[in-house]
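User: Please take a close look at the charged side chains in this structure. Where do they pair, and where do they stay unpaired?

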Amino acid sequence: MPEMLASYVAGTWYTAPDDGVVAVDAATGDPVARVSSSGLDTRALVDHARRVGGPALRRLTFHERAAALKALATHLDSRKSEYYDLSASTGATRRDSAVDIDGGIATTFVFSGTGRRELPEGRVLGDGDTVQMGKEGTFVGRHVYTALPGAALQINAFNFPVWGMLEKLAPAVLAGMPSIVKPASQTAFLTAAVVHDIIDSGLLPEGAVQLVCGGLGDLLDHFGGQDLIAFTGSASTAALLRSHSAVTGRATRFNAETDSLNCSILGPDSGSSTDEFGLFVKEVAREMTVKAGQKCTAIRRAFVPQPMVDDFLSALRARLDKVVVGNPRNDAVTMGPVVSLRQRDEVRGAVQSLRRAADIVSGDPDQVEPVDADARRGAFIAPILLRCNDADRPEPHEVEAFGPVSTVMAYDTVDDVITLAARGRGSLVGSIVSRDADFIRDVVLATAPHHGRLLVLDRDCAAESTGHGTPMPQMVHGGPGRAGGGEELGGVRAVKHYMQRTALQGSPATLAAVVGDA
Ligand code: NAP
């Protein structure tokens, strides 16, 4: 039997006594680790965060916390070859692992820089200007942010075991709030390895990070109004957590990043001879294949002007034909498996649903010959491109195939494409590939309320563009409606999520003494 992953609770490593569930290698089907949290002392976990981790973090100034993050990112960077080995077991190619591992480390560095440059050398964060509220100026007010004295439970999805953990941990550390990291069981072995290194490094105060491998048990029963849940995963789990009495009855803060049917729009000016056409083809192909399409930001819906659909499909098919599916440890492989056989079955089921409204124009969901791997043991699936000739059908706007799957739909007018984009009912990200300023303006103004992020891609920014699918730590990540209605990242904004904003009122001298620069 593979080794049981330990949880880190109240300063000690805890190993559950039962058999747990087995996480297997996505490509080979070999067991990698066992996961269970049975018998875990959740009360001790929450108490330790509140009584030990939080106070220790908040004794540090913002700049000291930022320095700790920098040292931590440097340390993890020196250890990353070990993470790459484990990452292959999640099905990730080297390119995929770089997005997760290097992306997570880079995010930690960015938050360190945010702390040094944008937060004061103190423990309280003033927000906005001091407002004079009396005629004589003896009575003023200013908003201030202070860290919540509770615990931050960070629940992550299986697809980004490193980035997903660090993009939540870094702003919490900066804010001064202790984190309880709960990775998805399927890929917890990678998150656990990184958390082990974080704890062993001693670079963060004891209690600033704890780890739960396995279920949460009754942990949320101990949560109240100073605690916070930052969730990434499916809409159904988000709905379950949102209805927990901690959230509904005791006002535990709850932030959700859930699934979304992101779209990319090719502008009518971007015919097949333009640079933008090539950029669009590349972007859709990349979003279908990076992490085998298991990205919350992947392009699920591609909207193309009616006259350009055939050209687009043949260009995209030509790219997809070059994708080499197989064991991610083989350098010739460009797309690994999805995370598990169960996930592959879910993707196949979703493709079946999409086929009620669309035809497959590339790939066979039931047939693939993986390089250097056994198709019966690994969770392999070919990239699947669908064409939907009736964009009014609900399926392409409602069914998320969380794998290498995208549906192409034609549109006629700018109003058409605006309506179609909104039918995703809220997305993390949308993109517009065009140089037509009028078209771009109309689409941006109408679709921005449905999106947490919009990328307008053209030849001028392409070389430096971070792409449709990459959330950046400096910019907001999250989205309305189906995307969960939450918000993460976004520089200092992300830090403020772990703090309370208070309207502080008094004399100018008092405010200056508390906030510093009031
Ligand atoms: P999931 O089944 O909802 O699981 C997400 C996390 O929630 C896991 O850590 C899981 O732990 C935990 N969980 C499950 N049931 C729970 C419960 N009753 N109480 C507390 N925690 C619970 O989602 P997934 O299959 O891992 O992830 C895929 C989905 O996430 C996709 O739909 C994708 O679109 C979405 N996603 C969104 C984003 C984003 O940023 N918006 C990013 C990545 C993925 P266990 O694994 O131990 O069950």
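Analyst: What follows covers the salt bridges, then a charged patch, and then some single residues.

This is a predicted model, in which local features need pLDDT of at least 70, side-chain atom pairs count only at pLDDT 80 or more, and totals for chains, interfaces and linings use all residues. Residues are numbered from 1 along each chain as its sequence is written, and side-chain values use heavy atoms, with hydrogens and water left out.

Start with the pairs. Side chains of opposite charge can pair when their charged atoms come close. A salt bridge here is a side-chain nitrogen of Lys or Arg within 4 Å of a carboxyl oxygen of Asp or Glu. The whole structure holds 28 salt bridges.

One of them joins Asp127 to Lys496, with 3.0 Å from N to O. This pair ties together distant parts of the chain, 369 residues apart. Asp127 sits in strand 5 (residues 125-132), and Lys496 sits in helix 15 (residues 492-496). Helices (H or I, at least four residues) and strands (E, at least two) are DSSP runs, numbered from the N terminus. Is Asp127 buried or exposed? Its relative accessible area is 19%, so Asp127 is buried. The cut-offs are under 20% for buried and over 50% for exposed, with partly exposed in between (1.4 Å probe, protein chains only). Accessible areas come from the Shrake-Rupley method.

A salt bridge also forms between Arg459 and Asp275, at 3.8 Å from N to O. Again the pair links distant parts of the chain, 184 residues apart. Arg459 is in the loop between strand 18 (451-457) and strand 19 (476-479), while Asp275 is in helix 9 (residues 275-289). Arg459 has 36% relative accessibility, so it counts as partly exposed. Asp275 is partly exposed as well, at 44%.

Next come Asp366 and Arg348, whose side chains meet in a salt bridge of 3.5 Å, N to O. They are 18 residues apart. Asp366 lies in the loop between strand 14 and strand 15, and Arg348 lies in helix 11 (residues 341-354). Asp366 is exposed because its relative accessible area is 52%. Arg348 is partly exposed, with 22%.

Salt bridges also form a network. Asp77, Lys80 and Asp102 are linked in this way.

Now the unpaired charges. Asp412, Asp415, Asp416 and Asp442 gather in a surface patch of negative charge. Patch residues have over 30% relative accessible area and no salt bridge, and like charges are joined within 9 Å. Asp and Glu count as negative, and the place of a charge is CG for Asp. Within this patch, Asp415 belongs to helix 13 (residues 414-422). Its relative accessibility is 53%, so Asp415 counts as exposed.

His222 offers a polar contact. Its side chain meets that of Arg43 at 3.5 Å. Such a contact is a pair of N or O atoms within 3.5 Å; within protein, one must be able to donate a hydrogen and the other to accept it, and residues adjacent in sequence count only if both atoms are side-chain atoms. His222 is in the loop between strand 9 (209-211) and strand 10 (228-232). With a relative accessible area of 16%, His222 is buried.

Last, the backbone. Most residues other than glycine have a negative phi. Asp372 has a positive phi, near 60 degrees, and is in the loop between strand 14 (359-362) and strand 15 (384-388). Ala251 also has a positive phi near 60 degrees. Ala251 lies in the loop between helix 8 (245-248) and strand 11 (253-257), and counts as exposed at 52% relative accessibility.

Terms used:
Patches are made of residues with over 30% relative accessible area and no salt bridge: like charges are joined within 9 Å, nonpolar side chains (Val, Leu, Ile, Met, Phe, Trp, Tyr) within 5 Å. Accessible areas come from the Shrake-Rupley method with a 1.4 Å probe; for residues, only the protein chains shown count as cover.
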